[in-house]
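Here's a quick look at a couple of spots in this fold, one about strands and one about helices. Have the viewer open while you read.

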Amino acid sequence: MPTVEELLNHKELVDYTKNRQPQKKVLEELFPPRKTEALEIKMIKGANNLPVSASIHAFDTEAEIDQREGSSYDTAELALIKRKRKLSEKEIIRLESPRNDAEEREAIGRIYNDVDDLQDSVLTRAEAMRGEALSTGKLVINENGYKTEIDYGVPANHRQTFAWSSGAPDILGNMDSAVDRIVTDTGFTPTRVLTSKKNLNIVLKDEKIRKAVFGVNSDRLLSRQELNTFLQTQGLPRIASYDAKYRILLKAGKYEARRYFAESAFVFMPEGDMGETLFGLTAEELELRKKVGVDISEIGNVVIEQYATNDPVAKWIKAVATALVTFPCAGEVYIATIK
């Protein structure tokens, strides 16, 4: 039976995490991951991403001199995300003295399940940052001695509260005014909305919209596909919903479920990436680079390591990363709150 050190040596862990394919998070499509060597980053706020045209010149004339635009920057430090799990004295004895092959395979499987769970927990925290940034335009962190607040610069006139839950709301009128505001301010046309199923159902059940699609006397229920087809004919963005949750472990040992994306949010976006999820260096990665047989180019966004403590005897598996979400397209979105 291999020892914990043999199963989880530095090279084995790097190879395993490199080859493993964690389930892709939904918001990675909007904030794709990128590795950086920096620990502090400059984030552009309120950038104008419209292209700048060069001028036409007569032959033998001097070229127009370009200028760099004076964008606003915020400097932010990547957040250190980490989690560890303990192998107790009994588990170590059971692992290294199995009674049969089946027990050995089960023990090895449990160890690599721990590796998977820890890697996923770090990636889950990164997804939570993406959801908070997109649905609020901000990132507020106050955890384990790390405290920061980042305002990504969504303009004040790109925030609005829409009262849709009661009365006779003008949903199409509200959506049209949001689109007009973005186009007027930025030149970009929003083509998609991300919201919750609760808000999507409000739109699907809206009497004015159903009559516009099916006619005055129809009682048919509207599907999301039918709704999006209708919205596109009106020059309005298609709607998708995101209601996934994750859990955090409270100090009392109980778990609390939280949403990645705020339930009240109704966010208008143009096509393309909204930003990036930057993964930086960790002290653990710098130590790994000194190890013989470890190819630094194979080290992923999340570093997994195994180490031991002596009293009481225990083995620990730890996952660690530094990460932060950038949002340079914050000026091109419109964040509505639905009440």
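Strand E8 (residues 192-195) pairs with E12 in the antiparallel sense, over four bridges. This is a predicted model, by the way. If you want a spot to zoom in on, take Thr-195, whose bridge partner in E12 is Phe-266.

E12 has another partner too: four bridges join E12 to strand E16 (residues 334-338), and these two run antiparallel. Here Phe-268 stands opposite Tyr-334 in E16. The two example pairs, together:

| Residue in E12 | Opposite residue |
|---|---|
| Phe-266 | Thr-195 |
| Phe-268 | Tyr-334 in E16 |

So what about the faces of E12, covered or open? Both are covered: Ala-265, Val-267 and Met-269 are buried on one side, and Phe-266 and Phe-268 are buried on the other. For the strand as a whole (residues 265-269), that makes five of five residues buried.

Now for the helices. The axes of H2 (residues 10-19) and H4 (residues 101-136) come within 12 Å and cross at roughly 60°. With angles of 65 to 115 degrees counted as roughly perpendicular and those under 35 as roughly parallel, H2 and H4 are therefore oblique to each other. Their crossing is right-handed. On the H2 side, the contact is made by Leu-13, Tyr-16 and Thr-17, while H4 brings Tyr-112, Val-115, Asp-116 and Gln-119. Sorted by class, the contact of H2 with H4 has four nonpolar residues, two polar and one charged.

Terms used:
Residues are numbered from 1 along each chain as its sequence is written. This is a predicted model: local features need pLDDT of at least 70, side-chain atom pairs count only at pLDDT 80 or more; totals for chains, interfaces and linings use all residues. Side-chain values use heavy atoms; hydrogens and water are left out. Buried means under 20% relative accessible area, exposed over 50%, partly exposed in between (1.4 Å probe, protein chains only). Two strands pair if DSSP finds at least two bridges between them. Axes are lines fitted to C-alpha atoms, for helices over the stretch in contact, and angles run from 0 to 180 degrees between N-to-C directions. Angles under 35 degrees count as roughly parallel, over 145 as roughly antiparallel, 65 to 115 as roughly perpendicular and the rest as oblique. A crossing is left-handed if the near helix is turned anticlockwise from the far one by less than a right angle, and right-handed if clockwise. Contact means heavy atoms within 4.5 Å. Ala, Val, Leu, Ile, Met, Phe, Trp, Tyr, Cys and Pro count as nonpolar, Asp, Glu, Lys and Arg as charged, and the others, Gly among them, as polar.
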